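Student: I would like to learn how to read a fold from its coordinates, one feature at a time. Could we begin with backbone torsions and work outwards from there?

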Amino acid sequence: MTMVDARGSSRVTGSHSATDAMLQCAENFAAARRTGSEPIRARPARPATGVAVLACMDARLDVNTLLGLDEGDAHILRNAGGVVTDDMIRSLAVSQHQLGTTEIILLHHTQCGMMTVTDDGFREQLFERTGFRPPWPVHAFGDLEVDVRTSVARLRASPFLAASTSVRGFIYDVVSGVLREVDAGAEVA
Ligand SMILES: [Zn+2]
């Protein structure tokens, strides 16, 4: 498959044309910081709000805008589905025990791609395309609310996260923009 880049030339998909455009944006970003009225200094690494967000990677879910977050405010961890994997637990453990966050927001959304595949189906698709079957679970799911509840329970039960942590789960509607909390039941003692 080919696509036409910003300069009008045809390239194989996966070229760096979009990356190049973003690099220009990054140059402008640094230039604006250099010319800002405030002296240049990095904000503290500890998130100002004490919040870590675990969200799906869906491109329609703009976590910073949705939650009103600015640079330095929160940790935002993302993967396909916003799934509570061991690696997400690893990052949350660092977030809490090294960088002082005390609240977790779990963020799933309507029209999630992980509801359009099955574990077996996607593994077969990968095998057909690449010749390899992944050793890792795909973590497809069929019901958003059930998955949010299960994920919240998994976070609350993790021995690596602080027992006092606030863990709340939400579903974002990609059409209406409404964020709705899922009643995940009583906190696990
Ligand atoms: Zn998703």
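Tutor: Bear in mind that this is a predicted model, and begin with Gly-131, which comes just after helix 4 and takes a positive phi of about 85°. Helix 4 itself covers residues 119-130.

Student: Which residues other than glycine have a positive phi here, such as Gln-111 and where does Gln-111 lie?

Tutor: The general idea is that most residues other than glycine have a negative phi. In this model the phi of Gln-111 is near 60°, a positive value in a residue that is not glycine, and Gln-111 sits in the loop between strand 5 and helix 4. Gln-111 counts as exposed because it has 12 C-beta neighbours inside 10 Å, and 12 or fewer is the cut-off for that class. His-139 is another case, with a positive phi of about 65° although it is not a glycine. His-139 belongs to the loop between helix 4 and helix 5 and is partly exposed, with 17 other C-beta atoms within 10 Å.

Student: Is helix 4 largely in the open or largely buried, and what span should its 12 residues have?

Tutor: The number of buried residues among the 12 of helix 4 is zero, so helix 4 lies largely in the open. As for its geometry, a rise of 1.5 Å a residue leads to an expected span of 16 Å, and the end C-alpha atoms of helix 4 are 16 Å apart, which agrees.

Student: Which residues of helix 3 are buried?

Tutor: In helix 3, the buried residues are Met-88, Leu-92, Ser-95 and Gln-96. Seen down the axis of helix 3, these buried residues fall within an arc of 90°, so they line one face of the helix. The face of helix 3 turned away from that buried side carries the exposed residues Asp-86, Asp-87, Arg-90 and His-97. What covers the buried residues of helix 3 includes strand 3, strand 4 and strand 5.

Student: That brings us to the strands. In what order do the five strands of the open sheet lie?

Tutor: As a general idea, strands of a sheet pair through backbone hydrogen bonds, either parallel or antiparallel. Here five strands form an open sheet in the order 4-3-5-6-7, with mixed pairing. Its edge strands are strand 4, residues 74-79, and strand 7, residues 179-182, each of which pairs on one side only. Neighbouring strands of this sheet are turned by 25° against each other on average, with direction ignored.

Student: Which helices pack on this sheet, helix 3 being one of them?

Tutor: Helix 3, residues 86-97, packs on the sheet and touches strand 3, strand 4 and strand 5, and its direction makes about 175° with that of strand 4. Helix 5, residues 144-157, also packs on the sheet, touching strand 5, strand 6 and strand 7, and its direction makes about 160° with that of strand 6.

Student: How many bridges join strand 6 and strand 7, and how many residues lie between them in the hairpin?

Tutor: Strand 6, residues 166-172, and strand 7 pair in the antiparallel sense over four bridges. In this pairing Tyr-172 stands opposite Leu-179, while Ile-171 stands opposite Arg-180. The two strands form a hairpin with six residues between them, and Gly-177 in the turn has a positive phi of about 80°.

Student: What follows strand 7, where Asp-183 is found?

Tutor: Asp-183 is found in the segment after strand 7 and counts as exposed because it has 11 C-beta neighbours inside 10 Å. Asp-183 and Glu-145 are 38 residues apart in sequence, whereas their C-alpha atoms are 8.8 Å apart in space.

Student: Finally, which residues touch the most other members of the largest nonpolar core?

Tutor: In soluble globular proteins, nonpolar side chains tend to be buried together. The largest nonpolar core here has 27 residues, of which Ala-52, Val-53, Leu-54, Ile-104, Leu-106, Leu-107 and Leu-155 touch the most other members. The elements giving two or more residues to this core are strand 3, strand 4, helix 3, strand 5, helix 5 and strand 6, and strand 3 supplies the largest share, five residues. Leaving aside residues up to four places away in sequence, Val-53 touches Val-63, Leu-67, Ala-74, His-75, Ile-76, Leu-77, Ile-105 and Leu-107.

Key:
Residues numbered from 1 in each chain as written. Predicted model: local features only at pLDDT ≥ 70, side-chain atom pairs only at ≥ 80, totals over all residues. Pairing = 2+ DSSP bridges. Axes fitted to C-alpha atoms, helices over the stretch in contact; angles between N-to-C directions. Contact = placed C-beta atoms within 7 Å. Buried ≥ 20, exposed ≤ 12 C-beta atoms within 10 Å, placed from the backbone. Core = buried A, V, L, I, M, F, W, Y, C linked by C-beta atoms within 7 Å. Expected span 1.5 Å × (residues − 1). Arc of directions from axis to C-beta.
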